[in-house]
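Hello,

Here is the structure we talked about handing over. Please open it and keep it in view while you read.

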Amino acid sequence: MSTAEASFAQLDRLLTLEIARVTERAAIAAAMLRGRGDEKAADQAAVDAMRSELNALAIDGTIVIGEGERDEAPMLFIGETVGTGGPAVDIALDPLEGTTVCAKNLPNSLAVIAVAQRGSLLNAPDVYMEKIAVGPGYPAGIVSLERTPDANLHALAEAKGVAVSQITACILDRPRHAQLIEAVRATGAAIRLIGDGDVAGVIHTTDPAETGIDIYMGIGGAPEGVLAAAALRCTGGQMQGRLQLNTPEKRARAAKMGITDPARIYAAEEMASGDVIFAATGVTDGNLLDGVRFHATHIETHTLLMRSRSKTVREVRARFRDASRFGL
């Protein structure tokens, strides 16, 4: 074990609950503005809260998946450093995944973060990524971006021991997915269309019995793909991602971030390698997580907390009785 690995291993267990506090704080800040129709205000509130909590952690953190480049501050930008000093870690985050969802108070808006040892998260440019993901318990390679939707769905149904008609695919409701949606429906499989939030969509595959979603398919953001891969690393699920570098400008941006093969298909283990801690706190109610609850005497949050080292998945329901720290 290298010095960096040993350092992160010592930090891993201690840092896990601290990471939950980061997403809890961001979720509460965003939830104060849910349903108000102001996406930017909700996102900014989550960013400010998350940055404040990160800067209180005893880490030497670098954001490798964030909300933009340095000149787009005050977002949590790629390359920003956070923490008071300590073990070197890379951070992927989305302070408010599903800004439109939060603004409209629709399901499955989350505050999300992944923390990993330095150099183990893919430095993905802010472009689209084609993705396919399933939860744990299936043979390796059960699905692939190199196969047709029909082949993937039939392979998954066979492995699950059910008819294809009992499989449900989660797909972002976008015009670019018209052919994919048609192909999936032609197999007899069901589709759960979502308006936003493809990190949540991928995470939902980890517990089909609870969410009703067996597979995630389609094209979404590459940064969100890295966050989703981090979550699947902690649960044993499978995922593949392929960057959509379809212009010279995108290929040049990717090259600056060290990506030399524009057509490469990345497995979850390549997008988020090494030891990973992942946390997601519900902002609005969803399939896996309840949204923030504001009561007269306290605030309640619901968080998923995962560690790749132990494959542990915890549900944390926190109750904050001192609402003054959140400006209430």
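What follows is a short tour of two pockets, a central strand and a hairpin.

Keep in mind that this is a predicted model.

**The largest pocket**

Start here. The largest pocket has a volume of about 670 Å³. Its lining has 32 residues. Which of them lie nearest the centre? They are Asp 94, Asp 126, Gly 221, Pro 223 and Glu 224.

Four elements each give two or more residues to this lining: strand S3 (88-97), helix H3 (99-104), strand S8 (215-221) and helix H8 (222-235). S3 gives the most, with 5 residues. By type, the lining of the largest pocket splits into 13 charged, 11 nonpolar and 8 polar residues.

**The second largest pocket**

Now move to the second largest pocket. It holds about 220 Å³ of space. Here 16 residues form the lining. Nearest the centre are Glu 130, Leu 145, Pro 149, Leu 180 and Gly 218.

Strand S5 (128-134), helix H4 (149-160), helix H5 (178-186) and S8 each supply at least two lining residues. S8 is worth a second look, since it is also listed for the largest pocket. The lining of the second largest pocket divides into 6 nonpolar, 6 polar and 4 charged residues.

**Strand S5**

Next, follow S5 itself. Is S5 largely enclosed or open? Of its 7 residues, 5 are buried, so the rest of the structure largely encloses it.

S5 pairs with two strands that you can trace on screen. With S8, S5 runs antiparallel, and 7 bridges join them. Find Ala 133 in S5: its bridge partner in S8 is Tyr 216. With strand S9 (residues 238-243), S5 also pairs in the antiparallel sense, over 6 bridges. There, Ile 132 stands opposite Gln 240 in S9.

One general point helps when you look at strands. In a regular strand, side chains alternate between the two faces of the sheet.

**The hairpin of S13 and S14**

Last stop. Strand S13 (residues 299-307) and strand S14 (residues 312-320) run antiparallel, joined by 9 bridges. Leu 305 has Arg 314 as its bridge partner in S14.

How many residues sit between the strands of this hairpin? There are 4. Look at Lys 311 in the hairpin: Lys 311 takes a positive phi near 55°.

That is the tour. Please go through the stops in order and find each named residue on screen.

Best wishes

Note on methods:
Residues numbered from 1 in each chain as written. Predicted model: local features only at pLDDT ≥ 70, side-chain atom pairs only at ≥ 80, totals over all residues. Heavy atoms only, no water. Pairing = 2+ DSSP bridges. 1 Å grid on protein atoms, 1.4 Å probe; cavity = no way out; pocket = protein on both sides within 12 Å on 5 of 7 lines; lining within 4 Å. Points joined across faces, edges and corners; volume = space filled by probe spheres on them. Nonpolar A, V, L, I, M, F, W, Y, C, P; charged D, E, K, R; others polar. Buried < 20%, exposed > 50% of the residue type's maximum accessible area, 1.4 Å probe, protein only.
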